[in-house]
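Hello,

The structure we talked about is below. Please look through it first; my notes on what was found follow.

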Protein chains: 2
Amino acid sequence: MTARMTQADERRMANAIRALAMDAVQAANSGHPGMPMGMADVATVLFNRFITLDPAAPDWPNRDRFVLSAGHGSMLLYAIHHLLGYDDMGMDQIRAFRQMGSRTAGHPEYGHARGIEVTAGPLGQGIATALGMALSERMGNARFGDLIDHFTYVIAGDGCLMEGVSHEAIDMAGHLGLGHLIVLWDDNRITIDGDTDLSTSTDQKARFAAAGWHVLSADGHDTDRIAQAVQVARADPRPTLIACRTVIGYGAPNKQGGHDVHGAPLGDAEIAEARKALGWAHPPFEIPEDVYDAWHRIAARGAMARAAWDRQLETAPCRAEFAAHLAQDCAPLTRAMAEYKAQLAAEQPKLATRKASQMALEVVNAALPFTIGGSADLTGSNLTQTKGLQPVTPGDFAGRYIHYGIREFGMSAAMNGIALSGLFRPYGGTFLVFADYARPAIRLAALVRVPGVFVMTHDSIGLGEDGPTHQPVETLASLRAIPNLTVLRPCDAMETAEAWEIALAARETPVLLALSRQGLPALRKAAGENLSAGGAYVLRDTDGARDVTLIATGSEVEIAMSAADRLADEGIRAAVVSAPSFELFAQQDADYRQTVLGDAPRVGVEAAIRMGWDAVLRPEDGFVGMDGFGASAPAEALYAHFGITPQAVADTARGLL
Amino acid sequence: MTARMTQADERRMANAIRALAMDAVQAANSGHPGMPMGMADVATVLFNRFITLDPAAPDWPNRDRFVLSAGHGSMLLYAIHHLLGYDDMGMDQIRAFRQMGSRTAGHPEYGHARGIEVTAGPLGQGIATALGMALSERMGNARFGDLIDHFTYVIAGDGCLMEGVSHEAIDMAGHLGLGHLIVLWDDNRITIDGDTDLSTSTDQKARFAAAGWHVLSADGHDTDRIAQAVQVARADPRPTLIACRTVIGYGAPNKQGGHDVHGAPLGDAEIAEARKALGWAHPPFEIPEDVYDAWHRIAARGAMARAAWDRQLETAPCRAEFAAHLAQDCAPLTRAMAEYKAQLAAEQPKLATRKASQMALEVVNAALPFTIGGSADLTGSNLTQTKGLQPVTPGDFAGRYIHYGIREFGMSAAMNGIALSGLFRPYGGTFLVFADYARPAIRLAALVRVPGVFVMTHDSIGLGEDGPTHQPVETLASLRAIPNLTVLRPCDAMETAEAWEIALAARETPVLLALSRQGLPALRKAAGENLSAGGAYVLRDTDGARDVTLIATGSEVEIAMSAADRLADEGIRAAVVSAPSFELFAQQDADYRQTVLGDAPRVGVEAAIRMGWDAVLRPEDGFVGMDGFGASAPAEALYAHFGITPQAVADTARGLL
């Protein structure tokens with residue numbers, strides 16, 4: 001199935017990438033020519049001899065995945081897509097590199113053009129996302145056999161390998177033995193500041209070997225050696241690192257091999273010399289037909305493979321189950337969740353919302369076969385495991401629960417990769433405060449619009465004795481700040497069930513659940529409409545006019561309810577608004593918002609800082625919460641110490657009247 | 001100088017740690033007995049035979065540093081401090097473990113008790129912080145010879161080694177050859193979820209060796225073997241990992257070696273059996289005199305060493321310079337900075353604030369010998385290097401500039417360690433958006449109250465073509481959310497100089513500078529009082545009454561000024577407030593704040609989301625900024641596209657009138 005050519009042909013195919021990269025960067029007067037020119041030979045061999053994909057069907061589930069972890073080399077990807085014939089990557093796009101509205105953004109942006117597997121640019125994350133893709137592939141293979149059986153290739157640079165998240169990904173991939181993951185390291189010995197030996201002495205090959213990887217080397221400009229290495233890598237049951245020794249900016253005679261070629265246009269004179277050195281006589285943005293033909297043969301090979309796969313799918317016994325995974329249809333959950341919520345309404349359990357989350361997950365995981373759970377080594381605390389879920393282990397990928405290890409960032413990036421695979425819906429747990437560790441991947445999830453669910457427990461000073469390093473205070477605000485992330489902080493078991501319904505229905509928005517360590521009473525007495533979906537709603541109304549509106553989230557709703565009772569004893573009519581999600585509330589129309597918030601003075605209650613509460617509070621309103629870091633003590637003592645009590649809320653309310 | 005004892009004596013010394021750990025956790029009904037009991041022998045040997053410190057002079061600059069990276073094992077540290085005789089660590093504190101107001105917080109908190117070198121708990125950061133300490137030690141040694149010549153010891157667990165930041169720290173320490181850094185890995189093969197083989201297969205010893213470390217092993221319960229390993233480690237020029245094979249919860253006969261002993265009290269029955277198994281007949285919270293005596297001998301040895309060092313310092317030729325480093329007196333900067341600001345006032349340069357930062361740093365670094373610069377491989381972009389600063393290189397620590405590599409988190413954690421060393425003031429650069437990568441260390445700096453300066457450039461969509469992964473939008477809000485972090489976003493060269501003055505004067509608050517990529521005109525025409533220190537001030541006043549107040553930060557102040565010109569043409573009197581720091585403005589008195597903000601309608605202008613702007617805006621006020629992620633295009637095109645223009649500001653202002 002490989003479309004073989006002579007080395008000379010592949011050199012011309014690679015030079016087409018080089019020419020497009022240097023010309024596009026020059027036209028934009030901005031960009032990174034060094035990596036595309038240095039890795040052009042490696043990428044050409046990879047696509048020409050190995051990668052199977054169909055530009056006409058970019059979402060084909062069994063395509064090989066190609067992840068450009070070193071996303072600043074985006075012109076490598078765009079050039080390849082153009083040459084392969086992706087119909088949304090015409091020369092107009094190459095000419096518009098890095099310009100407003102073009103598909104050819106400075107870094108590859110998922111969704112901007114077909115076939116871009118992930119948004120890359122924040123270094124190291126490409127590898128970790130690819131780990132998630134490679135894990136998905138094995139999980140898919142365990143369920144659907146040959147229907148899912150492909151490779152995940154990554155091009156990574158020195159920066160990717162220096163970033164800490166690479167360690168988390170490498171460690172995990174080696175542990176799980178993800179043999180279909182192949183990382184091609186652009187070993188050009190150059191970083192932005194200068195030679196890599198300014199800042200690192202690590203023997204990367206030994207490092208990967210220590211993590212259980214298969215390790216190979218190749219001259220990154222010797223196409224047959226590259227091909228030989230990839231061939232050997234594909235046959236090995238371990239994930240493989242291929243150290244590709246390259247010259248950055250290969251072909252630019254005066255600048256190649258130096259750090260000046262990394263991230264700046266070459267200049268017209270150097271480009272002219274490079275054309276001579278490469279034997280590339282064609283004007284900018286012109287590619288000779290024979291080179292197009294060679295690249296189009298790769299696409300044609302992929303189209304045939306895809307057609308054969310389509311026929312295979314038609315007769316596959318698992319066809320319906322496969323379709324269900326792809327569709328991620330949550331309809332099967334509707335009835336089971338309704339029954340569960342009716343049961344909650346009947347039993348009114350007092351539960352930590354992390355426990356309520358586990359109970360909801362029992363229902364979710366039983367109804368939906370495509371959820372994949374996990375935790376960053378806090379399974380018993382996050383309560384992310386349910387009865388039916390067997391762990392994924394090295395060599396057995398039939399399971400649905402991943403022990404991600406103490407790797408919050410790696411977990412979250414891997415979840416992005418799993419979500420992008422299209423077959424599974426991942427959720428993963430850690431403590432809320434460690435959202436900081438995972439934040440770059442949470443941001444990427446929001447930017448890429450992939451729907452993982454971050455299950456963040458121990459969501460306030462209610463965590464207690466572990467103290468301020470473990471107590472989120474500013475964390476909720478910092479997460480609510482991320483565009484296209486829905487943060488939900490449910491107040492009881494019913495809202496937690498609703499939060500899971502919302503999370504699973506979100507197809508283009510990652511969802512973060514902030515859940516309590518401590519037990520919380522049932523405040524929502526009846527099942528029925530998903531009130532959390534409005535973001536905020538009146539939980540306790542007043543008879544007639546309101547004197548004050550108490551607005552709270554999560555574990556503080558109970559406190560607001562108690563405060564309302566106290567105020568009622570004094571004849572003050574206090575409504576209580578539960579506000580599990582500021583983002584969802586902001587999406588409601590003005591009438592609904594006004595009905596919920598009312599005109600009376602308001603008091604916000606949340607065991608966190610006030611930032612972001614201007615979503616529902618005015619300057620003259622009150623707030624009961626935190627204004628600095630927490631402390632180490634039992635939870636009840638902390639709530640008393642920091643003055644987050646029914647008494648304090650009632651006092652604040654009274655002070656406003 | 002080592003106080004040798006028999007192994008039997010050391011076993012009793014270690015059992016005292018075990019007893020205090022299990023009894024304190026039991027009394028608190030919360031905490032982690034497993035690690036202190038497992039590592040008690042290692043820690044005892046380390047203190048008894050090697051570590052030199054003086055509990056009566058906990059800030060002695062040449063003490064050995066002991067960092068408990070696995071901070072959940074805090075009772076190990078508290079027990080040791082109690083036994084050594086730290087006078088603020090009486091048995092009352094041990095009894096009050098994890099209770100409100102005690103010094104014995106759930107995780108070690110810097111500043112809560114003497115001798116706690118760093119707040120630990122967020123895993124992996126202890127190693128990276130210790131790297132900074134060990135680097136400081138070598139830098140101190142290069143400057144002051146024997147006056148600074150000590151070791152930095154770290155106890156790290158599996159979690160620390162799984163976290164990505166450990167890779168960044170290990171890579172860097174190996175590269176720099178920090179031979180006085182010794183990491184004792186608690187190799188107990190247990191994590192919270194279960195055995196380590198649930199989630200990792202990495203050969204840690206091979207991994208460290210790949211990064212250039214010296215690697216040793218020892219039975220963590222064989223005191224002579226431990227001592228032998230430490231002896232060999234100290235003699236080696238490379239940093240050393242000692243893999244200490246331990247039994248978690250050693251001494252608890254029914255629970256040791258399992259994950260249940262990690263983070264929960266043992267229970268009274270198991271504690272009773274442990275007492276028998278250990279041959280420890282003493283009641284809870286009682287330590288026999290001979291054991292106290294043995295531990296006190298360590299302290300006495302340290303006190304002698306410290307006294308000798310004091311005498312050495314008295315006659316040291318570098319005494320004044322040493323004192324200047326310790327005092328970090330910024331007075332020498334006053335005159336040079338005044339001259340520089342006068343020059344700015346005279347020349348009115350148009351500069352990117354990152355360039356202005358470099359110019360200010362030229363003045364700072366020339367005047368203050370204790371600043372240590374660096375960048376996470378963006379030196380030419382962050383402009384953190386100045387003329388006089390030579391790089392720190394392997395084997396030569398006399399320099400003042402650190403090539404941190406592509407390791408934003410590792411850099412920031414190392415900066416914390418450098419700041420904690422007491423001899424140096426670190427600053428380090430990256431792009432503002434990558435504050436997300438560094439965030440856990442920035443949070444820790446704020447919590448620990450150490451004064452590093454984070455130099456974050458390319459602080460908005462003004463970054464341009466690199467696109468949304470590289471453009472901060474929510475980043476400023478997320479940073480302003482962190483308690484005890486001062487964020488400064490200067491609008492021109494003068495404000496940038498003021499920002500550096502503020503940053504250097506802050507002794508217990510980390511400062512983050514958000515700096516522009518793009519050129520900005522001089523808006524502050526006169527030198528003089530540091531107006532930025534008030535957080536916000538009237539940059540352009542109106543003649544008489546104000547019709548509207550435009551409030552802006554950084555690169556958007558120019559836009560607000562242009563808008564005010566337009567409005568003036570229409571007869572609308574617009575004041576412009578420059579607000580480089582919301583945190584500093586919040587610290588001003590109400591009168592000042594009112595004078596600056598006025599009563600007129602307000603328009604906020606910042607190329608970022610509105611969250612946090614309720615610090616200065618009311619619901620009825622206007623805001624011109626971002627409400628989602630950015631895009632890839634030249635900066636001017638992006639400002640136009642997202643409507644952050646003088647026209648838009650003027651329109652918004654007019655709409656409010």
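**Contacts of His32(A)**

Leaving out residues up to four places away in sequence, His32(A) touches Val25(A), His72(A), Arg98(A), His262(A), Gly263(A) and, from the other chain, Asp466(B). Please keep in mind that this is a predicted model. His32(A) sits in the loop that joins H1 to helix H2 (34-50) of chain A. Is His32(A) buried or exposed? Its relative accessibility is 12%, so His32(A) counts as buried, because the cut-off for buried is under 20%.

The helix before that loop, H1 of chain A, runs over residues 7-28 and has 22 residues. From its first C-alpha to its last, H1 reaches 31 Å, close to the 32 Å expected at 1.5 Å a residue. Just after H1(A) comes Asn29(A), which takes a positive phi of about 55°.

**His262(A) and the annotated positions**

One of the residues touched by His32(A) is His262(A). His262(A) is placed in the loop between strand S7 (240-245) and helix H10 (268-278) of chain A. With a relative accessible area of 13%, His262(A) is also buried. Beyond four places in sequence, His262(A) touches Gly31(A), His32(A), Pro33(A), Gly34(A), His72(A), Ile192(A) and Ile248(A). His72(A) thus appears in the contacts of His32(A) and in those of His262(A).

An unreviewed UniProt entry carries the annotation "binding site" for His32(A), His262(A), Arg354(A), Ser381(A), His458(A), Asp466(A), His470(A) and Arg517(A). These positions are spread over 486 residues of sequence and also in space, with up to 48.3 Å between C-alpha atoms.

**The two chains**

How does chain B lie on chain A? A turn of 180° with a shift of 0.0 Å along the axis lays chain B on chain A with an RMSD of 0.0 Å. The two copies are therefore related as by a two-fold rotation axis. Of the interface residues of chain B, 100% are also interface residues in chain A, so the copies meet through the same surface.

**Pro472(B)**

Pro472(B) lies in the loop between strand S10 (453-457) and helix H18 (475-480) of chain B. Pro472(B) has a relative accessible area of 2% and is buried. Apart from neighbours within four places in sequence, Pro472(B) is in contact with Arg443(A) from the other chain, and with residues of chain B including Leu432(B), Val433(B), His458(B) and Ala607(B). The C-alpha atoms of Pro472(B) and Gly462(B) are separated by 9.6 Å, with the two residues 10 apart along the chain.

Regards

Definitions and conventions
Residues are numbered from 1 along each chain as its sequence is written. Chains are lettered from A and ligands numbered from 1 in the order in which they are written. This is a predicted model: local features need pLDDT of at least 70, side-chain atom pairs count only at pLDDT 80 or more; totals for chains, interfaces and linings use all residues. Side-chain values use heavy atoms; hydrogens and water are left out. Helices (H or I, at least four residues) and strands (E, at least two) are DSSP runs, numbered from the N terminus. The expected span of a helix is 1.5 Å times one less than its number of residues. UniProt positions are given in the numbering used here, feature names are shortened, and annotations may be inferred rather than shown by experiment. Buried means under 20% relative accessible area, exposed over 50%, partly exposed in between (1.4 Å probe, protein chains only). Contact means heavy atoms within 4.5 Å. Copies are superposed by least squares on the C-alpha atoms of residues with pLDDT of at least 70 in both.
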